[in-house]
Amino acid sequence: MFAILSNLSRRQLDALEVFNRINAEKLRLFVTKFDAANRDPAKSEFQFLPSLFVNLSAVSEFRKVLMDDSRLVIQRLLPFMDTKFPLAVRGAVMRLVRNCTFDSEFHQWLLGPKVSLLSYLLLPLAGPEEFDEEDTDKLPVDLQFLPAEKTREPDADLRVVLLESLLQLCCTEFGRHFLRDHGGYLILREFHKWETNPAVRYACENAVDPLISDEPLDHMKDLKRVDVPDHLVQEFNQINKTLQEP
């Protein structure tokens with residue numbers, strides 16, 4: 001069933017149609033099955049469930065279900081971003097989370113204590129580097145005093161997904177201040193020193209720029225609402241393409 005639903009939901013309009021035929025109770029059941037399947041590798045019949053979740057997360061209505069404060073859905077998925085889980089599993093959750101960060105009205109909730117998203121995004125990017133006491137105190141508890149054998153997310157594409165999520169969070173004034181106050185720049189600074197892939201380094205630089213720049217004027221606090229002329233968009237796209245080349 002999940003394989004069929006996954007194939008049917010690849011396009012956004014089709015994903016919306018699939019979502020409309022699945023009620024909220026079934027979606028919660030799917031999350032339960034996802035949880036059980038990934039804690040029991042023998043349950044291979046659920047291998048297409050992660051891709052179904054990613055496809056559905058392109059639908060704003062599904063994202064609202066994921067981020068419904070009364071349902072605790074996304075909180076059950078976040079632990080699967082850990083590198084101990086298979087690539088397909090953690091990749092699906094990371095991409096789902098990235099899609100959720102596009103909804104800026106949820107940024108405060110995602111970064112707040114009910115979800116603590118920042119820890120889940122930064123931990124796969126963090127290495128074994130040590131910080132002084134003042135900087136360590138800024139970091140979320142889960143990122144303090146990491147062991148010497150701590151490794152980073154091994155898949156370059158997923159590192160980009162994590163960085164794109166952080167960039168989306170930086171589009172709001174609250175998100176920028178939160179990342180600065182909780183050591184986001186520190187982790188990204190050390191990550192950038194370690195990273196060798198040009199495309200990933202560029203994604204990291206994009207996420208760092210809002211953190212080290214002066215705050216924009218009041219009417220530009222939400223960076224997503226800033227109108228950029230078409231000719232500049234084309235120029236920026238060309239610059240992006242050039243900078244990502246090896």
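In this predicted model, Lys138 is partly exposed, at 34% relative accessibility. Its salt-bridge partner is Asp135, with an N to O distance of 3.9 Å. Asp135 is buried, at 15% relative accessibility. The cut-off for buried is under 20%, so Asp135 falls on the buried side. Both residues belong to helix H10, which spans residues 133-138. They are three residues apart, and therefore about one helical turn separates them.

The structure holds 12 salt bridges. One of them joins Arg11 and Asp14. Their closest N and O atoms are 2.9 Å apart. Arg11 is exposed, with a relative accessibility of 60%. Asp14 is partly exposed, at 25%.

A further salt bridge links the side chains of Arg159 and Glu195, at 2.7 Å from N to O. Arg159 sits in helix H11, whereas Glu195 sits in the loop between H13 and helix H14 (198-212). The pair therefore ties together parts that are 36 residues apart in sequence. Both partners are buried. Arg159 has a relative accessibility of 7%, and Glu195 has a relative accessible area of 3%. Elsewhere, Arg189, Glu190 and Lys193 are joined into one network by salt bridges that share partners.

The chain has 15 helices and zero strands. It contains 246 residues, and buried residues make up 46% of them. Contacts between residues at least 6 apart in sequence were also examined. Of these, 71% join residues at least 24 apart.

Two helices are described, when packed, by the angle between their axes and the distance between the axes. Helix H11 (residues 156-169) takes part in two such pairs described here. With helix H13 (residues 184-194), the axes come within 13 Å and cross at roughly 150 degrees. Angles over 145 degrees count as roughly antiparallel, so H11 is roughly antiparallel to H13. The crossing of these two helices is left-handed. On the H11 side, the contact involves Arg159, Leu163 and Leu166. On the H13 side, the residues are Leu188, Phe191 and Trp194. By class, this contact has five nonpolar residues, no polar residues and one charged residue. Arg159 thus appears both in the contact with H13 and in the salt bridge with Glu195.

Helix H7 (residues 87-101) also packs with H11. Here the axes are 9 Å apart, at an angle of about 20 degrees. Angles under 35 degrees count as roughly parallel, so H7 is roughly parallel to H11. The crossing of H7 and H11 is left-handed. H7 contributes Leu87, Arg90, Gly91, Met94, Arg95, Val97, Arg98 and Thr101 to the contact. H11 contributes Asp157, Leu158, Val161, Leu162, Glu164, Ser165, Gln168 and Leu169. By class, the residues of this contact divide into seven nonpolar, four polar and five charged.

Phe48 lies in the loop between helix H3 (24-39) and helix H4 (49-56). Its relative accessible area is 36%, so Phe48 counts as partly exposed. Leaving aside residues up to four places away in sequence, Phe48 touches Phe2, Ala3 and Ser6. Phe48 and Ala88 are 40 residues apart in sequence. In space, their C-alpha atoms are 9.3 Å apart. Ala88 falls within the residue range of helix H7 (residues 87-101).

Backbone geometry was considered at two loop positions. Most residues other than glycine have a negative phi. Leu72 has a positive phi, near 55 degrees. This residue is placed in the loop between helix H5 (60-66) and helix H6 (74-77). Leu72 is partly exposed, at 48% relative accessibility. Ser116 also has a positive phi, near 55 degrees. Its loop runs between helix H8 (107-111) and helix H9 (117-122). Ser116 is partly exposed, at 30% relative accessibility.

Technical notes. Residues numbered from 1 in each chain as written. Predicted model: local features only at pLDDT ≥ 70, side-chain atom pairs only at ≥ 80, totals over all residues. Heavy atoms only, no water. Axes fitted to C-alpha atoms, helices over the stretch in contact; angles between N-to-C directions. Helix = DSSP H or I, 4+ residues; strand = E, 2+ residues; numbered from the N terminus. Parallel < 35°, antiparallel > 145°, perpendicular 65-115°, else oblique. Left-handed = near helix turned anticlockwise from the far one by under 90°. Contact = heavy atoms within 4.5 Å. Nonpolar A, V, L, I, M, F, W, Y, C, P; charged D, E, K, R; others polar. Salt bridge = Lys/Arg side-chain N within 4 Å of Asp/Glu carboxyl O. Buried < 20%, exposed > 50% of the residue type's maximum accessible area, 1.4 Å probe, protein only.
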